[in-house]
There are 2 protein chains.
Amino acid sequence: MRIDGQRLWDSLMELAQIGGTEKGGVCRIALTALDGQGRDLVCRWLREAGCEVRVDDIGNIFGRRPGTEDLPAVATGSHIDTQPTGGKFDGNYGVLAGLEVVRTLNDHNVKTRAPIEVCAWTNEEGTRFTPVMMGSGTWAGVFKSEDMWVRPDLEGKTVGQELAAIGYSGTVPAGPSAGYPAFGSYFEAHIEQGPVLEDADITIGVVLGALGQRWFDVEVTGMEAHAGPTPMPLRLDALLATARLIEAVNRIALSEAPYGRGTVGFMQVHPNSRNVIPGRVKTTVDLRHLDAAGLERMQAALYAAAEEIAGGTRTRLGGIKIDIKLATQFPPCAFEGECVSAVRNAAAALELPTLELVSGAGHDAVYVARKCPAAMIFVPCKDGISHNEVEDARQDHIEAGGNVLLHAMLARAGRV
Amino acid sequence: MRIDGQRLWDSLMELAQIGGTEKGGVCRIALTALDGQGRDLVCRWLREAGCEVRVDDIGNIFGRRPGTEDLPAVATGSHIDTQPTGGKFDGNYGVLAGLEVVRTLNDHNVKTRAPIEVCAWTNEEGTRFTPVMMGSGTWAGVFKSEDMWVRPDLEGKTVGQELAAIGYSGTVPAGPSAGYPAFGSYFEAHIEQGPVLEDADITIGVVLGALGQRWFDVEVTGMEAHAGPTPMPLRLDALLATARLIEAVNRIALSEAPYGRGTVGFMQVHPNSRNVIPGRVKTTVDLRHLDAAGLERMQAALYAAAEEIAGGTRTRLGGIKIDIKLATQFPPCAFEGECVSAVRNAAAALELPTLELVSGAGHDAVYVARKCPAAMIFVPCKDGISHNEVEDARQDHIEAGGNVLLHAMLARAGRV
């Protein structure tokens with residue numbers, strides 16, 4: 001059994017017309033009228049495919065294809081809201097791949113023991129309303145619906161008002177309930193949004209989990225002085241110390257290969273004049289790792305490196321001070337073993353080459369995984385680029401990912 | 001014979017009242033009415049000390065105490081214009097120490113073979129009109145008066161207009177002439193504007209010369225990518241490469257101790273977001289050395305380091321590009337041996353501890369040195385701070401520097 005790759009592609013292109021941009025991207029921001037139109041189209045397609053559609057009180061959409069037994073559903077999905085300069089595939093692929101699974105099961109008249117559900121989660125991008133991944137986070141109990149309803153956009157319109165305006169303020173309380181228990185399994189197909197699969201020329205990414213993140217704010221304080229009259233040994237150069245910290249962050253991440261990531265992306269130098277030794281630098285460190293122990297090791301190494309760098313500058317004039325504060329953190333998420341195996345086995349049966357990798361960024365599946373077994377399927381995207389109108393993916397990759405999703409779900413739902 | 005340290009100090013404090021700021025600094029910007037008042041006071045003092053005062057066509061002031069023979073003058077001086085948030089000592093000390101030398105010779109009824117001249121150079125700071133060191137540079141033939149007269153400030157007023165407005169557009173052509181040949185020697189007393197003397201607890205700096213400078217604009221280009229999904233080996237991190245360049249600049253300067261200086265003071269990171277790998281960094285490099293060969297070595301080492309850093313990043317994705325352009329340069333200036341010896345000998349005779357050092361910044365003496373033998377005398381300033389209202393110096397140091405100036409000039413002018 002195979003999905004209809006052309007039908008999936010055509011649905012993606014049709015949905016991409018709602019909010020389509022001149023450059024070939026999509027601007028369909030959460031809870032706008034365009035988002036409402038996109039939702040209407042997806043709901044219509046789900047109903048046409050025989051699904052019972054329900055909407056919860058944070059606007060998450062669920063399309064259910066009944067099973068033959070009273071079992072928790074095997075679910076899949078993603079989101080259809082986009083960045084202001086978003087692409088056709090981010091999120092939309094996961095929702096429409098789920099729709100295509102249902103259509104394919106219908107085509108082949110296949111019944112499953114567990115129900116099949118297709119989810120479209122509200123406001124994954126967080127570009128208009130924070131927090132990001134609002135719908136899946138609320139479903140998972142990380143946020144409360146009543147707290148989310150009052151979140152305003154820049155014009156003061158709230159999530160609650162805008163859900164009502166587009167007709168998606170449902171009555172079902174968000175989250176697993178007696179009528180709709182947590183899924184038996186959840187799968188999410190997504191473009192990789194990174195360069196790994198394309199670089200390795202591999203079609204299917206078996207996603208082992210999502211990296212935990214720790215974000216730090218760093219302030220390095222030295223002593224501002226004129227570049228001319230100040231000999232090298234009498235300097236307390238805040239930028240030189242920062243350069244050493246950047247090198248240390250890179251070394252720390254490399255020592256935790258392949259899942260460690262360390263990035264310094266932001267820097268503000270004071271007074272930022274070519275002939276003045278910098279007296280103060282504000283910067284940031286972003287550390288990521290697949291497991292909490294690894295993150296702990298990286299954080300400890302960061303603090304130790306800062307201490308060593310500062311210590312090495314101590315003169316009778318004083319020394320450099322490096323102040324590091326944890327700004328935000330997201331715990332790592334390891335996807336459930338049997339769901340990951342279902343993805344791996346489906347790809348193997350389809351004779352598709354796979355690579356085991358991790359998601360560096362957040363996805364709805366990361367929140368859903370807090371309530372039920374979950375896994376993700378990645379397919380390559382062109383140059384690893386996403387959140388951009390030039391976002392692109394190959395039709396054969398899109399189709400291959402859909403087939404892996406079909407067979408992974410079928411394995412978990414049980415073909416009757 | 002000793003100068004009157006209290007009189008010198010009192011004159012400094014009196015001049016500092018013209019444009020004095022609440023924080024104890026001075027704001028007496030070149031060719032403003034306040035600069036005119038300061039000039040008037042200095043000219044009056046010079047005349048009261050028996051000097052013949054002349055003003056050249058760029059507004060430089062010369063006060064001459066006649067000698068007994070027809071010899072080139074032995075001169076000293078500096079400037080009385082200040083930064084907008086300037087101090088009491090920068091420049092003013094050099095002019096008034098010269099005045100104090102004349103007053104002291106008068107007190108002791110000492111005649112010299114060569115005339116003694118006290119100079120107050122126009123617009124050393126360059127804060128209102130560029131270039132910096134305009135008066136001494138014009139005297140030395142580096143600039144032409146007619147080119148300088150048309151230089152505008154931000155309001156469009158020109159140097160020529162403003163010289164006339166304050167009554168200092170003199171008729172004598174700037175520069176050595178038949179009537180006023182280049183000086184036999186030129187000495188300039190100045191606060192160090194750096195931390196070396198204070199750090200070493202030494203009163204007198206024997207200045208061997210001024211560092212040559214080469215300023216570079218640098219652009220580092222990598223590839224912007226999301227910090228999460230991009231593994232370490234697939235990155236082209238422009239900021240990491242820049243960090244390595246900063247470390248290299250420091251290493252290059254240290255390898256040219258004690259006169260090599262290397263500073264990265266400016267940095268602009270793109271897109272400057274904590275979770276995006278920087279794709280582009282604009283930065284600068286300031287290299288200084290006492291001799292041209294040293295500057296050449298440093299520049300070659302900078303280019304080699306950039307090539308090595310860029311080369312180390314080459315992957316199948318491409319590589320980091322480091323583009324370095326020379327933006328500005330000032331050649332090194334070695335002061336004349338006999339003038340430097342005169343300073344050294346005067347300090348030794350006065351039993352004052354000395355340190356041989358270099359000027360990292362520019363001074364009028366650097367331009368004057370192009371036309372005649374010259375040297376400088378540094379005294380410590382508090383915490384090495386200058387160009388700041390908190391600029392400060394000790395009265396005993398100010399006096400000691402004045403005594404060194406007196407005896408160095410006397411040695412070169414010849415006591416009758």
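Which residues do ring pairs link into a cluster? In this predicted model, the cluster consists of F62(A), W121(A), W139(A), F183(A) and Y186(A), joined through ring pairs. Over all chains, the structure holds 20 aromatic pairs.

One of the pairs is formed by W139(A) and F183(A). The ring centres are 4.9 Å apart and the planes meet at 10°. Planes under 30 degrees apart count as stacked, so this pair falls in the stacked class. W139(A) belongs to helix α4 of chain A, residues 134-139. F183(A) is placed in the loop of chain A between α6 (159-165) and β5 (185-191). The two residues are 44 apart in sequence, so their pairing ties together separate parts of the chain. As for exposure, W139(A) has a relative accessible area of 5% and is buried. F183(A) is buried as well, with a relative accessible area of 5%.

Rings also take part in contacts with charged side chains. In chain A, the ring of Y180(A) has the charged end of R54(A) over it, 3.6 Å from the ring centre. In chain B, R103(B) lies over the face of W45(B), and the distance to the ring centre is 5.4 Å.

Chain B also offers a check on helix geometry. Helix α12 of chain B covers residues 395-413, which is 19 residues. At 1.5 Å a residue, the helix should span 27 Å, and its end C-alpha atoms are 27 Å apart, so the expected span and the model agree. After α12(B) comes G414(B), which has a positive phi, near 85°.

Conventions: Residues numbered from 1 in each chain as written. Chains lettered and ligands numbered in written order. Predicted model: local features only at pLDDT ≥ 70, side-chain atom pairs only at ≥ 80, totals over all residues. Heavy atoms only, no water. Phe/Tyr/Trp six-rings, centres within 6.5 Å; stacked < 30°, edge-to-face > 60°. Helix = DSSP H or I, 4+ residues; strand = E, 2+ residues; numbered from the N terminus. Buried < 20%, exposed > 50% of the residue type's maximum accessible area, 1.4 Å probe, protein only. Lys NZ or Arg CZ within 6 Å of the ring centre and 35° of its normal. Expected span 1.5 Å × (residues − 1).
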